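Okay, thanks for coming, everyone. Let me put the structure up, and then I'll walk you through the cores, the cysteines and a patch on the surface.

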Amino acid sequence: FEACAVTDRFCHDDSQVKPLLEQINEPIDQFTGDGAYDETPVYEAVLAHSPNADVVIPPRANAVVNDKAAALRNRNIREIEGSGRMQWQKDRQYGRRNYGELGFYRYQRVLGSSLHAREIKRQEQEVMIGCGVMNKMTSLGMPASYRSA
């Protein structure tokens, strides 16, 4: 985990992009998110942090090219119109988003799916410790997985 944040259920995911990027010191190569991240402030935050990053967010089905939108969003719209959504996902490696989901799955399997602390500050500390534990475990080595016939 490069960055983490604890929010309540009323917080929108896209509002956390900038604060999370501020926790990362190195530029990122790619930002991948689901359609909920298809907002101008997300593109702006990613490109302000890492000007050369590829932003891979599927635009809404009714999205149109817009001069006021980020150039990468317009590129995504044009590519989807040209080759279809499934081909765009393949070309832009949208499936890499699953690695993030896998990280959360691992966290929950190892540390549990609920927090023990009741106060938000202590919950934040619990999550930070948990992320540190997961990072240490990952640094020790990951299993080699493969499909058998």
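**Cores, cysteines and a patch**

So, the largest nonpolar core here has 15 residues, and V17, F31 and V46 are the ones with the most contacts inside it. By nonpolar core I mean a set of buried Ala, Val, Leu, Ile, Met, Phe, Trp, Tyr and Cys residues joined through side-chain atoms within 4.5 Å. Buried is under 20% relative accessible area, exposed is over 50%, and partly exposed is in between, with a 1.4 Å probe and protein chains only.

Before I go on: this is a predicted model, where local features need pLDDT of at least 70 and side-chain atom pairs count only at pLDDT 80 or more, while totals for chains, interfaces and linings use all residues. Residues are numbered from 1 along each chain as its sequence is written, and side-chain values use heavy atoms, with hydrogens and water left out.

Back to that core: α1 (17-22) and α2 (40-49) each supply at least two of its residues, and α2 gives the most, with 4. Helices are DSSP runs of H or I, at least four residues, numbered from the N terminus. Take F31: leaving out residues up to four places away in sequence, F31 touches V17, Y37, V42, V46, D54, V55, V56 and I57. Contact means heavy atoms within 4.5 Å.

There's a second, separate core of 5 residues, including C4, Y107, V127 and C131. Two cysteines in there, so why is there no bond between C131 and C4? The sulfur of C131 is 3.7 Å from the closest cysteine sulfur, in C4, and that's too far for a bond. The rule for a disulfide is a pair of cysteine sulfur atoms within 2.5 Å, and the count by that rule is 0. Both cysteines are buried, C4 at 15% relative accessibility and C131 at 7%.

Now the outside. V110, L111, I129, V133 and M137 make a nonpolar surface patch of about 400 Å². For patches, residues need over 30% relative accessible area and no salt bridge (Lys or Arg side-chain nitrogen within 4 Å of an Asp or Glu carboxyl oxygen), and nonpolar side chains are joined within 5 Å. Areas are Shrake-Rupley with a 1.4 Å probe. Both α5 (97-111) and α6 (120-139) put in at least two residues, with the largest share, 3 residues, coming from α6. I129 sits in α6 and counts as exposed at 58% relative accessibility.

Methods. Patch = residues over 30% accessible without salt bridge, like charges linked within 9 Å, V, L, I, M, F, W, Y side chains within 5 Å.
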